[in-house]
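Please look through the sequence and the model shown below, and keep both at hand while reading. The paragraphs that follow move from a sheet to single residues and then to the spaces inside the protein.

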Amino acid sequence: MDEAPNYPDRLALATLDHIESGIIILDGARRVCFWNQWLEQHSGIGAGEALGCRLEQLFGELPAVLLDAVRDACEHRLSRLLSHQLHPRLLPLHCRAASGRGGPLFHSMLLRPLAQTEGLTLVQLLDATNAVRRERHLRDKEQALRKVHQHLSEEKQYIDTVLKTISALVVVTDIQGHILSINRSCEQQTGFSEEDVLGQPLKVLFSIDSFNRLLEGPWQYDEPLPFTCRMHNAAGELMHIRWTVKSVGEAGQPPRYLIYTGQDITERERADALLRLEREILEMATAGEPPERTLDHVCLALERQLEQCRVAVLQLAEDERLRISNGPGLAEDFGRRLAALQTENLLRILQPGLRDGRLQVFVAQGPAPRWQSWLALARDHDIAGCWLMPIHAGARVPQSLFAVFPRQRVHPSVHEQMVIQRIAHLTALILERHLQQERIRYLALHDPLTGLANRSLLNEQLLRSIHRGRREGQPFALLFIDLDGFKALNDTHGHDAGDAFLAALGHRLKTKLRATDCCARTGGDEFVILLEAVADEKTARRVAESVLRLISTPLEWGGHALQVSASIGLALYPEDGDGADALLTRADNAMYGAKAGGKGCIVRLPG
């Protein structure tokens, strides 16, 4: 018979109920210990029904890859990421009815054992439904366009095609590739008239030599030849053109002309590139990449999307100055000079855009003397302006902005504005998600009432100190603290008073101890302090005495003075033990010796 599941601390996991992703916590026997509201909504299974059950008991038959991943995580402590691209069928979840769309909910699943816990495993489900729908929509559009193009190429004569696709770019050349004619659409896109280009080679018209290379390769003139190239239109914007080349001539004779028909596929290429970038960012976030590395990747990817631009992430520091936090394509000198030039006037100018979350465009020109230093910086680094887009990631995340520095064009195109805004929104979601994950990790290692380390973090720090002590010969001390009279305080003033006292005590201890020390709450009124680099018992006792005075200091609460004393057990490494259990047991026994000796004192057991 299976043992009862080891349920986690509900108070520590309370905030997980409101995260906009699925959160499951499994014990070592693969049974559910926690089931949040997101899963209740999308699975139809309540938390009460799910607790204590295995996933296969809740959903019936599940994919083998999912069951194997759960078994590896719970039994062998192995992390695993199941993406919706490779594993489209995981849990049978459905979109919420309030969204207006039914159907299955596509999702990825991250399984990660929780460190320093008794066999607990975190399972996080991320909704990828919208991304799947976008990919399918783009794929359907591409397939439809390909079918139309194939139909026109196979079923009609090329002259009919030219007449019916008058909006396409049409170029007629001789067999050597010299231009004989271009249509009106081609004139509008390139900015050249037909008279300007007559007799010129195609590479002069489009500033590319792809056309000449076509004639060098093996090609049957009676077969249409498709290819894709990039070119700039009359406005200087980059275009992606899908061309088809077909020869024209009398039957049985060598061809006399080549006709090039081009379709503008810029929007499709842009949409595909943007979708790839969004997928890359989401995959990095799902894989747990640090935000710094993700933001560096986003900056470089945006530079590929936005031609002739440099991209950086600026962060509004506590001194209200913008500093470059991520800018892999920018010179270090640029960041230093940018920080030195900022004034209060600049922040006033930026504030409306920061508040409204809109894109702001600044031009590197102007006669005012106050801007001359900025213009010099722009000239030195070949910058024509700056486009700033706020990244609104919530109140707990420092204010950040995307800064785009174009080299030539002053104002962004509609497409560039859309790209910057979408990536800024996605980046905000990634930063918010990272903050939530950090909060989860914090709750897993800290006591929620006092903010001190919990038993798991204490054991981790203690093992690290033991390894350092064995390697470097560095001693340390443990103080095992039990409050005297805390139960009477609770009985007299209530548990709210007791909680207030414990929270205040936690704050006092954190401010009193060094950053290298570790103070943990291990029970209701029990605390353990790990003192790093303590040379001898005299030093440890001096710290313990200051802790006794700190604990006995009254706390004003509701018109009452809350006061307790404490008994402290002292243990030194390596004299009192060279292992974590031995040291904790030694300090615990010494604390009971202090209790027996009259309380309010410090005891170290004799060797």
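In what order do the five strands of the open sheet lie? In this model, which is predicted, the order is β7-β6-β10-β9-β8, and the strands pair in the antiparallel sense. The two ends of that order are the edge strands, β7 with residues 179-182 and β8 with residues 225-232, and each of these has a pairing partner on one side only. If direction is ignored, neighbouring strands of this sheet are turned against each other by 25° on average.

One pair of strands can be followed in detail. Strand β6, which covers residues 169-174, is joined to β7 by three bridges in the antiparallel sense, and within this pairing V172 has S181 of β7 as its bridge partner. Elsewhere on the sheet, helix α11, made of residues 266-286, lies across β9 (238-248) and β10 (257-264), and the helix runs at about 130° to β9.

We can now turn to two single residues and ask about each of them in the same way. Is A47 buried or exposed? This residue belongs to helix α2, which spans residues 47-50, and A47 counts as buried because its relative accessible area is 17%, which is under the cut-off of 20%. When neighbours within four places in sequence are left aside, A47 is in contact with W35 and E40. The residues A47 and W35 are 12 residues apart in sequence, while their C-alpha atoms are 5.2 Å apart in space.

The second residue, S400, lies in strand β15, which holds residues 400-406. S400 has a relative accessibility of 5% and therefore counts as buried, since the cut-off is under 20%. Not counting residues up to four places away in sequence, S400 touches V313, L314, Q315, P390 and I391.

The next step is to look at the spaces between the atoms, starting with the largest pocket. How much space lies in this pocket? The answer is about 1,200 Å³, and 40 residues line the pocket, with L126, D127, A128, L282 and L429 lying nearest its centre. The elements that contribute two or more residues to this lining are α1 (37-43), β5 (121-127), α5 (129-155), α11 and α16 (414-445). Of the lining, the largest share comes from α16, which gives eight residues. Sorted by class, the lining of the largest pocket consists of 14 nonpolar, 13 polar and 13 charged residues.

Besides pockets, there are cavities to consider. How many cavities of 30 Å³ or more are there? The count comes to three, and the largest cavity holds about 40 Å³ of space. The residues lining the largest cavity are L26, R30, R54, L55, E56, L67 and V70, and both α3 (55-59) and α4 (64-76) supply at least two residues of this lining. By class, the lining of the largest cavity divides into four nonpolar and three charged residues, with no polar ones.

The second largest cavity has a volume of about 40 Å³, and its lining is formed by P475, F476, V534, A535, D536, L572, Y573 and E575. In this lining, six residues are nonpolar, two are charged and none is polar.

Key. Residues numbered from 1 in each chain as written. Predicted model: local features only at pLDDT ≥ 70, side-chain atom pairs only at ≥ 80, totals over all residues. Heavy atoms only, no water. Pairing = 2+ DSSP bridges. Helix = DSSP H or I, 4+ residues; strand = E, 2+ residues; numbered from the N terminus. Axes fitted to C-alpha atoms, helices over the stretch in contact; angles between N-to-C directions. Contact = heavy atoms within 4.5 Å. Buried < 20%, exposed > 50% of the residue type's maximum accessible area, 1.4 Å probe, protein only. 1 Å grid on protein atoms, 1.4 Å probe; cavity = no way out; pocket = protein on both sides within 12 Å on 5 of 7 lines; lining within 4 Å. Points joined across faces, edges and corners; volume = space filled by probe spheres on them. Nonpolar A, V, L, I, M, F, W, Y, C, P; charged D, E, K, R; others polar.
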